[in-house]
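Grab a pencil and work through these exercises with the sequence and the 3D view side by side. Try each task yourself before you read its solution.

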Amino acid sequence: MLIRYKKSFEKIAMGLLSFMPAEKDLKTLKQTMDTYESDQDWNLFLWKEEEDFIGVVGVVTVDESTLQVQHICVNPSHRFQGKGKEMVCALKSMFKSKEIIPNDSTEAFFRKCEVKSSDEEAEH
């Protein structure tokens, strides 16, 4: 389930974002968190399953009809289980009237999700 970020989730969100190569540097990570907290066009969501937060996805409003995924990351111990794809699907469901697009750093992941979706549909 996607849960909108709030300040009390800061350490969890930073920990999850730090798994992304571009966010390894603490200074960069703090700047990213500051942007999510201060810019109303940047929205961060945490993915919770049972009692644990296992993923994070951040989007930026491009225009009134488009959101761009800036960050998407799943805790390494939960990877390769379709959790990232579930997060993207939940985003699309949450923002039905908007197109969800990747940025340069999330594009490869999006393509992988689309290929899997096509493969799964072909099997049925």
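**Exercise 1: the sides of a helix**

Which residues are buried in helix 2? Keep in mind that you're looking at a predicted model. Then work out how they sit around the axis, and what lies over them.

*Solution.*
Step 1. Find helix 2, which covers residues 26–38. Its 13 residues reach 18 Å from the first C-alpha to the last, close to the 18 Å expected at 1.5 Å a residue.
Step 2. Pick out the residues under 20% relative accessible area, the cut-off for buried. In helix 2 you get Leu29, Thr32, Met33 and Tyr36.
Step 3. Look at how these residues are placed around the axis. They cover an arc of only 95 degrees, so they sit on the same side of helix 2.
Step 4. Now turn to the face pointing away from that buried side: the exposed residues Lys27 and Ser38 are there.
Step 5. Finally, check what covers the buried residues of helix 2. The cover includes helix 1 (10–17), strand 2, strand 3 and strand 4.

**Exercise 2: pairing up the strands**

Trace the strand pairings, starting from strand 1, and say in which sense each pair runs.

*Solution.*
Step 1. Strand 1 (residues 2–4) pairs with strand 2 in the antiparallel sense, over 3 bridges. Here Ile3 has Leu46 in strand 2 as its bridge partner.
Step 2. Stay with Leu46 and look towards strand 3, where the bridge partner of Leu46 is Val56. Strand 2 and strand 3 run antiparallel and are joined by 8 bridges.
Step 3. How does the chain get from strand 2 to strand 3? The two form a hairpin with 2 residues between them, and Glu50 in the turn has a positive phi of about 55 degrees.
Step 4. Another hairpin takes you from strand 3 to strand 4 through 2 residues. These strands pair in the antiparallel sense over 8 bridges, and Gly55 stands opposite Val74 in strand 4.
Step 5. For strand 4 and strand 5, the pairing is parallel, over 4 bridges. Val69 stands opposite Pro102 in strand 5.
Step 6. Look at what comes with that parallel pair: strand 4, helix 3 and strand 5 make a right-handed β-α-β unit.

**Exercise 3: into the core**

Which element gives the most residues to the largest nonpolar core? Look at how enclosed that element is, too.

*Solution.*
Step 1. Start with the core itself. The largest nonpolar core has 16 residues, and Phe45, Val57, Val69, Leu91 and Ile100 have the most contacts inside it.
Step 2. List the suppliers. Strand 2 (42–49), strand 3 (52–63), strand 4 (66–74) and helix 3 (83–94) each bring at least two residues to this core.
Step 3. Strand 4 comes out on top, giving 4 residues.
Step 4. Apart from this core lies another one, of 15 residues, including Leu17, Met20, Leu44 and Cys73.
Step 5. Back to strand 4: 8 of its 9 residues are buried, so the rest of the structure largely encloses this strand.
Step 6. Zoom in on Val69. Skipping its neighbours within four places in sequence, Val69 is in contact with a list of residues that includes Val57, Leu91, Ile100 and Thr106.

**Exercise 4: three residues to classify**

Decide for Leu16, Thr106 and Ile101: buried, partly exposed or exposed? Then see what each one is in contact with.

*Solution.*
Step 1. Leu16 is found in helix 1. Its relative accessibility is 4%, so Leu16 counts as buried. Beyond four places in sequence, Leu16 touches Leu46, Phe53, Ile54, Gly55, Val56, Cys73 and Asn75.
Step 2. Thr106 lies in the loop between strand 5 and helix 4 (107–123). With a relative accessible area of 1%, Thr106 is buried. Setting aside neighbours within four places in sequence, Thr106 is in contact with Val69, Gln70, His71 and Ile72.
Step 3. Ile101 belongs to strand 5 (residues 99–102). Its relative accessibility is 23%, so Ile101 counts as partly exposed. Leaving out neighbours within four places in sequence, Ile101 is in contact with Thr66, Leu67, Gln68, Val69 and Phe110.
Step 4. Round off with a distance check, C-alpha to C-alpha. Leu16 and Pro102 are 86 residues apart in sequence and 19 Å apart in space. Ile101 and Arg79 are 22 residues apart in sequence and 21 Å apart in space.

Note on methods. Residues are numbered from 1 along each chain as its sequence is written. This is a predicted model: local features need pLDDT of at least 70, side-chain atom pairs count only at pLDDT 80 or more; totals for chains, interfaces and linings use all residues. Side-chain values use heavy atoms; hydrogens and water are left out. A nonpolar core is a set of buried Ala, Val, Leu, Ile, Met, Phe, Trp, Tyr and Cys residues joined through side-chain atoms within 4.5 Å. Buried means under 20% relative accessible area, exposed over 50%, partly exposed in between (1.4 Å probe, protein chains only). Contact means heavy atoms within 4.5 Å. The expected span of a helix is 1.5 Å times one less than its number of residues. The arc is that of the directions from the helix axis to the C-beta atoms. Two strands pair if DSSP finds at least two bridges between them. A crossover is right-handed if, with the strands pointing away from the viewer, the path from the first strand over the helix to the second runs clockwise.
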